[in-house]
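Subject: Structure handover

Dear colleague,

Here is the structure I said I would pass on. My notes follow below it.

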Amino acid sequence: MTWGFNVDHPKYYPGFKILESHFCDDISRRVETQPVSETQTEIVVQLRGLFGQSTPDPVDILVTNWTHNPLSYGSYSWWPMNYTEEQWEAMKRPEGRLFFVGEHTSDNYGFVHAALATGEQAAEAVYNVLK
């Protein structure tokens with residue numbers, strides 16, 4: 001499975017000019033082991049097939065490798081069976097001056113932009129408490 005995400009969308013972060021691609025299973029294992037230039041070429045071929053040959057090359061590309069990252073080892077949020085919405089709401093709730101943020105506290109969990117959004121929301125909440 002593969003899907004793309006336009007971070008520049010007005011709903012998210014207009015002006016960022018970033019496209020994300022997410023890969024699963026065999027494709028993700030292949031992308032993590034091949035040269036970044038090969039991944040870039042594959043993505044550009046797909047974009048030009050959709051938007052025409054005048055689609056420019058990207059300015060930069062970043063390929064993560066969560067499978068081999070010692071801080072994640074390929075993980076993302078996943079709730080165990082019988083985990084309730086009440087438990088999830090409690091996990092997100094601030095405790096006094098302590099705010100909990102991260103993709104796991106977002107309705108759009110599993111994505112780095114969700115982590116950024118929850119951090120921004122907590123920063124605004126802290127600012128409002130301090131002013």
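Why does Asn-82 count as exposed? Its relative accessibility is 71%, so Asn-82 falls in the exposed class, for which the cut-off is over 50%. Please keep in mind throughout that this is a predicted model.

Backbone angles

Asn-82 sits in the loop between helix H2 (36–51) and helix H3 (85–92). Its phi is near 70°, a positive value in a residue other than glycine. Asp-25 also has a positive phi, of about 55°, and is not a glycine either. Asp-25 is placed in helix H1 (residues 25–33). As background, most residues other than glycine have a negative phi.

Helix H4

H4 covers residues 112–130, 19 residues in total. From first C-alpha to last, H4 reaches 27 Å, close to the 27 Å expected at 1.5 Å a residue. Four of its residues are buried: His-113, Ala-114, Thr-118 and Ala-122. The buried residues of H4 pack against two strands, S1 (2–6) and S2 (19–23).

His-113, which lies in H4, has a relative accessibility of 8% and therefore counts as buried; the limit for that class is under 20%. Setting aside neighbours within four places in sequence, the contacts of His-113 are Phe-5, Tyr-12, Tyr-13, Glu-20 and Asn-108.

The two strands

S1 and S2 run antiparallel and are joined by 5 bridges. Phe-5 stands opposite Glu-20 of S2, and both of these residues are among the contacts of His-113. Side chains alternate along S2. Glu-20 and His-22 point to one face and are buried, whereas Leu-19, Ser-21 and Phe-23 point to the other face and are not buried.

The second largest pocket

This pocket holds about 170 Å³ of space. H4 supplies the largest share of its lining, 4 residues. The lining consists of Lys-92, Pro-94, Phe-99, Phe-100, Val-101, Thr-105, Thr-118, Gln-121, Ala-122 and Ala-125. Sorted by class, 6 of the lining residues are nonpolar, 3 are polar and 1 is charged. Thr-118 and Ala-122 appear in this lining and are also among the buried residues of H4.

Regards

Conventions: Residues numbered from 1 in each chain as written. Predicted model: local features only at pLDDT ≥ 70, side-chain atom pairs only at ≥ 80, totals over all residues. Heavy atoms only, no water. Expected span 1.5 Å × (residues − 1). Buried < 20%, exposed > 50% of the residue type's maximum accessible area, 1.4 Å probe, protein only. Contact = heavy atoms within 4.5 Å. 1 Å grid on protein atoms, 1.4 Å probe; cavity = no way out; pocket = protein on both sides within 12 Å on 5 of 7 lines; lining within 4 Å. Points joined across faces, edges and corners; volume = space filled by probe spheres on them. Nonpolar A, V, L, I, M, F, W, Y, C, P; charged D, E, K, R; others polar. Pairing = 2+ DSSP bridges.
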